[in-house]
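Reader: I'd like a close look at the charged side chains in this one, and at what they pair up with. Take your time, and give me enough of the surroundings to find my way around.

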Amino acid sequence: MKGPATYDYQIIEDKDGGVHLFVFDKSDKLVAARTGFDFKDNFDMRDALGKLSKGADPKTWMGAWDKAKMGMTEEEFYAKFTPRGHEKGEWWTIATERCIYSDKLGSGGRMCFLPE
């Protein structure tokens, strides 16, 4: 019997405290993206990661990417987080499916992982 699908993910925090979730299949293809976790009443990161750990298809609960609102595709948005930007301190990875990098959490990351 085949088990639930599993996904890898990368959570990025940008220099302005924005928190972005990128979900990949096992062949490293981006399958979903969501931004806005840094807003208190927006999306619950712990809920999202719980669903991913259970193998829930992110397209069913994350909703469709709003290209018109965002002005770009999910892939184009992910591509904004370049190695050069990382080197310049414009963004950093704060979590993956393996661990949370607590020393990298900025204000948005703390809101997601260390709620009051």
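Author: Of the contacts in the chain with a separation of 6 or more, 52% are between residues 24 or more positions apart. Keep in mind that this is a predicted model. Along the sequence, the elements run β-β-β-α-α-α-α-α-β-α, which comes to six helices and four strands. Of the 116 residues in the chain, 42% are buried. The accessible surface adds up to about 7200 Å², and carbon and sulfur atoms hold 52% of that.

Now for the charges. Searching the whole structure turns up seven salt bridges, and I'll take you through three, starting with D8 and K26. Their closest N and O atoms sit 2.8 Å apart. D8 belongs to strand β1 (residues 8-14), while K26 is in the loop between β2 (19-24) and β3 (30-35), so this pair ties together parts 18 residues apart in sequence. The two ends have quite unlike surroundings: D8 is buried, at 17% relative accessible area, whereas K26 is exposed, at 52%.

While you're looking at that loop, check the strands on either side of it. β2 and β3 pair antiparallel, over five bridges, and H20 has T35 in β3 as its bridge partner. Five residues separate the strands in this hairpin, and D28 there takes a positive phi near 65 degrees. As for β3, six of its six residues are buried, so the rest of the structure largely encloses this strand.

Next, go to helix α1, which covers residues 45-53 and holds both D47 and K51. Those two are four residues apart, about one turn of the helix, and their side chains form a salt bridge with an N to O distance of 3.3 Å. Both ends are partly exposed, D47 at 39% relative accessibility and K51 at 29%. A further salt bridge joins D44 and R46, this time at 3.9 Å from N to O. The cut-off is 4 Å, and this pair falls within it at 3.9 Å. D44 is partly exposed at 41%, and R46 is too, at 46%.

Back in strand β1 there's a charged residue worth a longer stop, E13. What is the nearest side chain of opposite charge to E13, and how far away is it? It's R110, at 6.5 Å. A salt bridge needs the nitrogen and oxygen within 4 Å, so E13, though buried, goes without one.

So what does the E13 side chain reach instead? It reaches two backbone nitrogens: that of G108 at 3.0 Å, and that of G109 at 3.1 Å. The wider neighbourhood of E13, leaving aside residues within four places in sequence, draws on several stretches of the chain. G18 and V19 are in contact with E13, and so are W91, W92 and I94. The run from K104 through L105, G106, S107 and G108 to G109 completes the list.

Put side by side, β1 gives you two buried acids to compare: D8 has K26 as its salt-bridge partner, while E13 has no salt bridge but reaches the backbone nitrogens of G108 and G109.

Technical notes
Residues are numbered from 1 along each chain as its sequence is written. This is a predicted model: local features need pLDDT of at least 70, side-chain atom pairs count only at pLDDT 80 or more; totals for chains, interfaces and linings use all residues. Side-chain values use heavy atoms; hydrogens and water are left out. Buried means under 20% relative accessible area, exposed over 50%, partly exposed in between (1.4 Å probe, protein chains only). Two strands pair if DSSP finds at least two bridges between them. Lys and Arg count as positive and Asp and Glu as negative; His and the chain ends are not counted. A polar contact is a pair of N or O atoms within 3.5 Å; within protein, one must be able to donate a hydrogen and the other to accept it, and residues adjacent in sequence count only if both atoms are side-chain atoms. Contact means heavy atoms within 4.5 Å. Accessible areas come from the Shrake-Rupley method with a 1.4 Å probe; for residues, only the protein chains shown count as cover.
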